[in-house]
Amino acid sequence: MGMLAVLLSTSCSEHAAHSHDAHEHEAESHAGHSDEIILSPEKAKAAGVVVDTVKAGMFRDVIVTGGQILAAQGDESQLVANVSGVISFPRPVIDGMAVREGDALFTISSEKLQNGDEIKRARIAYETAKEEHDRAASMREIGVISESDFNVVRETYEKARIAYEALSPSENGKGVAVKAPFSGYVKDLLVKDGEFVALGTPLGTVTKTERLQLRADLSERYYPYLSGIVSANIRVPSDGRTYRLEQLQGRLLSYGKSLNTSSYYIPVTFEFLNTGTLAPGAFVEVYLLSKERENVITLPVSAVTEEQGLYFVYIRLDEEGYKKQEVKLGTTDGERVEIVSGLTEGEQVVMQGAIHVKLASASNAIPAHTHNH
């Protein structure tokens with residue numbers, strides 16, 4: 001019995017030691033993967049998580065600055081009062097309204113003013129000058145008046161004719177019509193019905209909006225890089241969308257050759273087709289693109305998350321395991337961002353849905369999964 005007791009005691013001790021070692025090994029195993037994030041394939045798919053392989057490729061150097069969308073020159077025309085008088089609208093006119101070439105937008109009448117109706121006075125002056133011109137022409141033929149006297153009469157007649165023809169009468173014959181110079185849209189309506197305007201007063205603008213311009217203001221410290229700029233991307237802060245000028249058939253028009261003494265910024269101007277998604281006058285973020293560089297690792301902007309000034313991506317270890325990885329960023333073109341360090345080619349990185357993996361990391365503090373590697 002003594003020997004049996006010894007054997008049992010030894011066996012129990014060995015079993016206890018073995019169990020203790022096993023628990024220590026399991027603890028070490030879990031400790032080794034304490035930074036691993038678990039997200040099942042089903043949940044990852046439902047959250048829109050997309051993983052792709054990191055590859056080096058071509059990337060352009062980028063200068064980030066601000067800018068403004070403008071209507072292209074020649075695509076806008078400002079309407080001005082061609083006579084003094086009281087404004088009236090033949091039909092309602094509002095900003096953004098479509099108009100056709102020749103549409104009467106405003107009528108200006110001076111009928112009730114002290115000097116009387118402008119068209120009537122111009123017509124009377126024209127008809128009087130025409131009669132005088134015709135009589136002088138007949139007299140010149142028979143040698144009654146000299147050529148120099150006739151030229152004076154003809155000059156007076158031509159001035160009266162030009163002044164009368166420059167005034168376009170309204171449809172009802174009361175006042176002068178101001179017409180759209182081309183088909184387009186009303187922009188910046190500046191007057192109200194019944195308002196008095198003087199000759200030359202701006203009334204509004206008609207724009208074609210077929211083309212737009214992007215003017216970027218570049219700091220003087222980037223002057224040496226101007227000659228390398230070839231294109232640009234536009235990011236609209238209000239909706240977060242990024243537009244590539246190459247897709248909008250954009251082209252570089254010009255850049256300033258000297259500093260603007262009032263602002264100390266260098267203007268860089270592009271022109272592109274208007275697709276209806278960018279409004280003239282809007283202020284935007286501009287990513288000026290220069291010549292391409294080779295073997296640059298980049299990721300979509302959506303792949304990067306930020307925490308307290310540090311930047312992270314998520315590497316997939318296997319089917320349901322992810323790892324949070326800090327990275328150093330370089331330049332960005334608004335769509336992709338350069339990764340200076342922290343990643344190598346061939347790694348599997350979350351390109352879309354990184355925020356969902358980040359949220360999943362909070363719930364992974366729950367112990368224990370039996371995942372093996």
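Four strands form an open sheet in the order 8-7-5-10, and their pairing is antiparallel. Strand 8 (176-179) and strand 10 (196-197) are the edge strands, each pairing on one side only. The model is a predicted one. Four bridges join strand 7 (residues 104-109) to strand 8 in the antiparallel sense. Within this pairing, F106 has V178 of strand 8 as its bridge partner.

Salt bridges were examined next. The structure contains 18 of them. One is formed by E246 and R60, whose closest N and O atoms are 3.3 Å apart. This pair links distant parts of the chain, with the two positions 186 residues apart in numbering. E246 lies in the loop between strand 14 (242-244) and strand 15 (251-255), whereas R60 belongs to strand 3 (residues 56-71). E246 has a relative accessible area of 41% and is therefore partly exposed, as the range for that class runs from 20% to 50%. R60 is also classed as partly exposed, because its relative accessibility is 22% and the buried class ends under 20%.

E246 has a further salt-bridge partner in R244. Here the closest N and O atoms are 3.1 Å apart. R244 has a relative accessible area of 28%, so this residue is partly exposed. The contacts extend into a network of salt bridges that links R60, R244, E246 and E335.

Another salt bridge joins E271 to R211, with the closest N and O atoms 3.0 Å apart. This pair, too, links distant parts of the chain. E271 sits in strand 16 (residues 265-273) and R211 in strand 12 (residues 211-219), 60 residues apart. The two partners fall into separate accessibility classes. E271 counts as buried because its relative accessibility is 11%, under the 20% limit. R211 is partly exposed, because its relative accessible area of 29% lies above that limit and below 50%.

Aromatic rings were considered last. The count of aromatic pairs comes to two. Such a pair is described by the distance of the centres and the angle of the planes. Charged side chains also lie over aromatic faces. R140 lies over the face of F150, at 4.1 Å from the ring centre. For K208, the ring is that of F182: the lysine lies over its face, 5.0 Å from the ring centre. Both distances fall within the 6 Å cut-off for a charge over a ring.

Key: Residues are numbered from 1 along each chain as its sequence is written. This is a predicted model: local features need pLDDT of at least 70, side-chain atom pairs count only at pLDDT 80 or more; totals for chains, interfaces and linings use all residues. Side-chain values use heavy atoms; hydrogens and water are left out. Rings of Phe, Tyr and Trp (its six-membered ring) pair if their centres lie within 6.5 Å; planes under 30 degrees apart count as stacked, over 60 as edge-to-face and the rest as tilted. A charge sits over a ring if NZ of Lys or CZ of Arg is within 6 Å of the ring centre and within 35 degrees of the ring normal. Two strands pair if DSSP finds at least two bridges between them. A salt bridge is a side-chain nitrogen of Lys or Arg within 4 Å of a carboxyl oxygen of Asp or Glu. Buried means under 20% relative accessible area, exposed over 50%, partly exposed in between (1.4 Å probe, protein chains only).
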